[in-house]
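Here's a quick tour for anyone meeting this structure for the first time. Take a look at it below, then read on.

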Amino acid sequence: MEQLARRIASGLTDPCQPSFCAACVLRLSYVFNSGDTKANLRTLRTSHHDFYNRIMIFITTERPEEDRASLEGNLRATVLSCAHRSSHNPESEKGILATARLLEATTLSLIHFIHDCLCDSMRMVKTQAFSRHGLWPSSKEDILPRGPGPSCGMLVHWFAKLPDANVFRTFCSIFLICDEMQGALLEEDRRMRFVRAICGHLDYAVEDHMRFPEQTMNDDSQAAFSRLQDLTILLQSLKLKADLEALIRGLENRLLGSLDRAMEVLGELGEEDMKHRLASVALIVHGIAGTPFPDIPASLRLNALEEALQLGDIFGGAQALIQTNAELRICAAPNCSRPEHELGKKLLVCSSCKVVRYCSRECQKEHWSKGLRPHKLVCSRIKNILAVTSIDAEPSAFAAACRAANIGADDLGVINDGLNNRVNGEGADKPRSISRVMKDAILEDEEHRALADKIKQRLLRDFGPRAR
């Protein structure tokens with residue numbers, strides 16, 4: 001396996017005139033997956049950084065149309081002239097030489113190796129800290145070798161061209177790990193291609209589903225469902241991390257149409273959790289589009305109230321937010337957000353709440369009293385909670401301790417607004433309090449008053465008169 005990986009890496013030295021064999025790439029994939037995949041992955045990530053780096057350079061190299069046609073011929077020629085052709089699987093080689101889009105097929109095979117790496121190291125999503133044990137990737141430069149702009153451009157190109165689950169997951173992982181992707185995605189032509197690609201993939205998955213009887217679950221129908229699942233994860237990530245308003249500007253109605261069709265299919269499949277997730281994205285898109293609340297489809301209005309009802313246990317929500325922020329190794333100052341790995345030393349932790357961290361005293365002072373959500377509003381409330389319970393306590397014990405200490409809905413609302421804004425990003429959709437969702441719904445949606453009353457009763461149960 002290692003010798004094969006070195007040979008492919010050598011053939012990737014010049015991304016414009018590569019000399020690697022596409023059939024050998026398939027053979028490496030077979031060898032990798034037929035053995036101990038965990039051990040094989042660690043071996044490649046430890047000793048074969050060039051292999052991964054050159055794959056990323058290859059798939060992010062921009063190519064004019066005429067260069068792609070030339071590269072197709074070159075890839076076929078290298079298969080026929082490969083010195084190790086005797087080790088090729090004859091059927092695989094035949095398929096490679098017969099495919100009309102060899103560049104796309106080969107790129108997809110290479111992306112699968114990157115996918116395995118990034119999914120194996122998803123801890124980076126939370127910590128933004130790369131491995132200290134020499135595992136690839138060792139930096140953002142490994143993932144975005146040509147810089148955020150050019151790398152993002154070709155990643156969007158392959159995302160649009162290759163309707164494959166591993167491509168979706170790889171893009172999602174890169175987006176979450178590399179914050180620079182957020183700004184790079186907003187370039188006008190790039191964002192339009194990206195959002196249209198999302199809509200196209202949603203529509204394609206729906207069409208795939210419609211081609212098969214509901215009771216038939218074959219490989220094709222399973223692939224259609226998996227595509228919807230991966231797109232749901234990606235849209236959830238965009239909702240949390242991206243400037244969604246800037247990203248989808250001018251394409252709101254196009255995206256809403258695709259979301260509506262996808263939610264209908266998920267409802268038919270009984271996949272209520274995925275449908276609920278897409279509904280939360282659709283609600284935000286309606287908000288960006290300026291749709292009046294009464295004009296939003298009834299199912300989405302109901303989804304908003306159900307979400308609020310589930311958040312009735314906002315002790316659990318506050319606990320999860322405090323836990324997430326305690327794990328983040330990113331400066332909490334809104335105008336900084338430097339990750340710990342860039343500093344080469346540990347971040348400073350707030351001595352009062354012991355949850356949020358900063359890269360410098362200056363950032364800590366700046367965040368304490370300035371901005372829309374100064375930390376002093378949140379800090380004392382977190383401190384009061386952690387004085388009576390632990391963030392790792394059982395949820396029921398956490399809630400009981402908060403109630404006994406007279407922690408009120410307003411306190412938890414401030415924590416939710418301050419910490420959620422940090423997790424979601426300054427430009428992300430700002431969370432609304434439960435009472436705001438409830439009041440909006442009651443004022444404008446008589447049809448769902450009964451559900452809104454349930455929310456009110458839940459708040460009164462947990463907080464008594466303080467919930468009003």
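## Two helices side by side

Let's jump straight in: helix α10 passes helix α13 in a left-handed crossing. On the α10 side, the contact is built from Gly149, Cys152, Gly153, Val156, His157, Phe159 and Ala160. Facing them from α13 are Arg190, Arg193, Phe194, Ala197, Ile198 and His201. Sort the residues of this contact by class and you get seven nonpolar, four polar and two charged.

How do the two helices line up? To find them, look for residues 148-161 (α10) and residues 188-210 (α13); their axes come within 9 Å and cross at roughly 25°. An angle under 35 degrees counts as roughly parallel, so α10 is roughly parallel to α13.

## Another partner for α10

Helix α10 also packs against helix α11, which covers residues 165-177. The axes of α10 and α11 come within 9 Å, and they cross at roughly 150°. Angles over 145 degrees count as roughly antiparallel, and therefore α10 and α11 are roughly antiparallel to each other. This crossing, too, is left-handed.

Which residues make the contact? From α10 come Leu155, Val156, Trp158 and Phe159, while α11 brings in Val167, Phe168, Phe171 and Ile174. By class, that contact is eight nonpolar residues, with no polar and no charged ones. Val156 and Phe159 are worth a second look: they're listed in the contact with α11, and they turn up in the contact with α13 as well.

## The whole chain

Now zoom out. The protein chain has 468 residues, and 48% of them are buried. Its secondary structure comes to 26 helices and two strands.

What about contacts along the sequence? Take the contacts between residues at least 6 apart in sequence: 71% of those join residues at least 24 apart.

## How far to trust it

Keep in mind that this is a predicted model. The mean pLDDT of the chain is 81, and 81% of the residues reach 70 or more. Which elements sit at the two ends of the scale? Helix α4 (residues 49-59) has the highest mean pLDDT of the elements, at 95, and helix α25 (residues 434-444) has the lowest, at 45.

There's also a stretch to treat with care. Over residues 423-445 pLDDT stays under 50, although the model has 45 contacts beyond four places in sequence for them. Where pLDDT is low, the predicted coordinates shouldn't be read in detail.

Methods:
Residues numbered from 1 in each chain as written. Predicted model: local features only at pLDDT ≥ 70, side-chain atom pairs only at ≥ 80, totals over all residues. Heavy atoms only, no water. pLDDT = per-residue confidence, 0-100. Helix = DSSP H or I, 4+ residues; strand = E, 2+ residues; numbered from the N terminus. Contact = heavy atoms within 4.5 Å. Axes fitted to C-alpha atoms, helices over the stretch in contact; angles between N-to-C directions. Parallel < 35°, antiparallel > 145°, perpendicular 65-115°, else oblique. Left-handed = near helix turned anticlockwise from the far one by under 90°. Nonpolar A, V, L, I, M, F, W, Y, C, P; charged D, E, K, R; others polar. Buried < 20%, exposed > 50% of the residue type's maximum accessible area, 1.4 Å probe, protein only.
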